[in-house]
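This report describes one protein structure for a reader who has not seen it before. Please look at the sequence and the model first.

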Amino acid sequence: MADTTSDASVPRNVETTIAAIATPPGPGGIGIIRISGSQALPILTALFSPNCGTIEYRSHRLYYGWIKDPQTSLPIDEVLAVYMQAPKTYTREDIVEIQCHGSYLVLQDILSQVISMGATLADPGEFTKRAFLNGRIDLTQAEAVIELLQAKTREGLGLAMSQLQGRLGAMVSSIRTSIISLRAIIEVAIDFPDDDVEIINARAMGEKLEHEILLPLQELIRSAKQGKIFRDGISVIILGHPNVGKSSLLNALLREERAIVTAIPGTTRDTIEEFLDIKGMPVRIIDTAGIRDNAEEVEEMGIVRARKKLAEADLVLLIVDGTQPPADDDTRLYESVGDKKILLVVNKSDLACQDPAIFAAAFPAILRVFISAKTHAGISDLENTLFALVTGGSNWDPGYACVPNVRQRSSLEKSLIAAKRVSEGLRTDLPPDLLAIELQSALDHLGDITGETTTDDILDLIFDQFCIGK
Ligand SMILES: Nc1nc2c(ncn2[C@@H]2O[C@H](COP(=O)(O)OP(=O)(O)OP(=O)(O)O)[C@@H](O)[C@H]2O)c(=O)[nH]1
Ligand SMILES: [Mg+2]
């Protein structure tokens, strides 16, 4: 049988036919093997026996039959196979997909046969990389595919979809077109330096630069900052003294009995991390060991871990027991949080509680919510307040936004810096050849986003994030 482990050292070009299992590992209803390249159809013909006898394959039709070992003619699995003729395919190359039973062994056996017929095992993301290299999608769309696969909330998925449809690519292309047209005017000025006519109308160019380049770049960067939380999510830590109800709060937010809750102080020893979707925002929530002095050894280790997690968190839910007046300990804990975003959660509102004014006085200048982790009263208020605290209360709608990722944002910022230099240069009568250099730089940074000028290293970094078979 052929070796089906990937060998990254094998040099390859887009002439190679690649193959991979495209469905996740583990048993499933069906499993799919994907083959892309000029040998896809010959490989299918060699391995597949259609039930309808010998056929001439038509593109984008599903055929029923058996994959057989070409040496022994023994059946390997009963399958549906589709041949998709280039260029109307995912990679713009000929593609064959074989749908077999979702058994890992069957998938491995079929893949081995495909490899022994001359295909090479695909690297992670190689199908999508070919779609990019063959010009079917730009780099923003390739990145959108990763985000789509990894999206944890509907909003994250919406952002990925908008990018997959090419909205970001189109906006960047339109800014590039404006830069190219400015550059053309400046090049005329370079070519005819002594011309009497004033070729560069600095004022008109400045306005074009402002409206068609600077403003759209600033808008995209702003959107990247705002949308980051929906794309990447945030990390929230639940902090407080023993027995105040931290684990009960975790369970209430998750709507399941995830963490052990007891009346014994010091129940939670380790940190517990879970994932939440709060109004479309992916939230990693961390329950911790109650913080107190004189804890015994295991508990103390938990406290050390809690403090470590605190350093990584974006927001702190500081929880206190509403039946008790705030203690000095509580304020010390509050001070130890530093300048992170913090929300005070006063718990156990189902019991006779202290006057809310006492908490306002003890914890001035931070938002407070009153909840009962036991009855779930106030939990949605807590979620809304947390959301508003993180988003800054803006009514930004992620559903319609075009949100660049960290890599794209960095290129936008570099492009903006160069464009601002052009703007400054127009005001100070910078020589046209220097203006042209800055415009070119602004253009190149935008080209990094869509993939026109992206280096191989960056492409490798992007496609390495994919799974095999995509
Ligand atoms: N009445 C009432 N009891 C609560 C509420 N929240 C928690 N408790 C009780 O308080 C006790 C401690 O709850 P936990 O959730 O284990 O508290 P914790 O902060 O995680 O405690 P440690 O893990 O020991 O630090 C348990 O007996 C809970 O049933 C609440 O809202 N109302
Ligand atoms: Mg606990």
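## Helix packing

Helices α6 and α14 pack with their axes 9 Å apart, at an angle of about 160°. That angle makes α6 roughly antiparallel to α14, and the crossing of the two is left-handed. Sorted by class, the residues in this contact are 16 nonpolar, 3 polar and 4 charged. The model is a predicted one.

Both helices also have another partner. For α14 (residues 432-450) this is α13 (residues 406-427), and the two pack at about 165° with axes 8 Å apart. An angle over 145° counts as roughly antiparallel, and α13 and α14 are therefore roughly antiparallel to each other. Their crossing is left-handed. On the α13 side, the contact residues include Gln408, Ser411, Ala418, Ala419 and Val422, and those they meet in α14 include Leu434, Leu435, Leu439, Ala442 and Leu446. Charged residues take part as well, among them Lys414 and Arg421 in α13 and Glu438 and Asp448 in α14. The class count for this contact is 9 nonpolar, 6 polar and 4 charged residues.

The other partner of α6 (residues 167-191) is α7 (residues 202-232); their axes come within 10 Å and cross at roughly 155°. The pair α6 and α7 is therefore roughly antiparallel too, with a left-handed crossing. Met171, Ile175, Ser178, Ile179, Leu182 and Ile185 are the α6 residues in this contact. They meet a set in α7 that includes Met205, Leu209, Ile213, Pro216, Leu217 and Leu220, along with Lys208 and Glu212. By class, the contact of α6 with α7 has 11 nonpolar, 1 polar and 2 charged residues.

The three helix contacts can be set out by residue class.

| Helix pair | Nonpolar | Polar | Charged |
|---|---|---|---|
| α6 and α14 | 16 residues | 3 residues | 4 residues |
| α13 and α14 | 9 residues | 6 residues | 4 residues |
| α6 and α7 | 11 residues | 1 residue | 2 residues |

## Strands and sheets

In which order do the strands of the open sheet of 6 strands lie? The order is β9-β10-β8-β11-β12-β13, and the pairing is mixed. β9 (272-278) and β13 (367-370) are the edge strands; each has a single partner strand, so one side of each has no neighbour in the sheet. From one strand to the next, the twist averages 25°.

At the β9 edge, the partner is β10 (residues 281-287), which runs antiparallel to β9 and is joined to it by 7 bridges. Within this pair, Ile272 stands opposite Asp287 of β10.

Elsewhere in the chain, β6 (residues 95-102) pairs with two strands. Strand β2 (residues 28-36) is antiparallel to β6, with 8 bridges between them. Here Gly31 stands opposite Cys100 in β6. Strand β5 (residues 75-84) is also antiparallel to β6, over 5 bridges. In that pair, Ala81 has Ile98 of β6 as its bridge partner.

## Domains

How does the domain assignment divide the protein? It gives domain 1 as 18-136, domain 2 as 143-227 + 405-463 and domain 3 as 233-391. Domain 2 is thus listed as two segments. Taken over C-alpha atoms, the centres of domain 1 and domain 2 are 41 Å apart.

Conventions. Residues are numbered from 1 along each chain as its sequence is written. Chains are lettered from A and ligands numbered from 1 in the order in which they are written. This is a predicted model: local features need pLDDT of at least 70, side-chain atom pairs count only at pLDDT 80 or more; totals for chains, interfaces and linings use all residues. Domain bounds come from an automatic or database domain assignment. Two strands pair if DSSP finds at least two bridges between them. Helices (H or I, at least four residues) and strands (E, at least two) are DSSP runs, numbered from the N terminus. Axes are lines fitted to C-alpha atoms, for helices over the stretch in contact, and angles run from 0 to 180 degrees between N-to-C directions. Angles under 35 degrees count as roughly parallel, over 145 as roughly antiparallel, 65 to 115 as roughly perpendicular and the rest as oblique. A crossing is left-handed if the near helix is turned anticlockwise from the far one by less than a right angle, and right-handed if clockwise. Two residues are in contact if their C-beta atoms, placed from the backbone, lie within 7 Å. Ala, Val, Leu, Ile, Met, Phe, Trp, Tyr, Cys and Pro count as nonpolar, Asp, Glu, Lys and Arg as charged, and the others, Gly among them, as polar.
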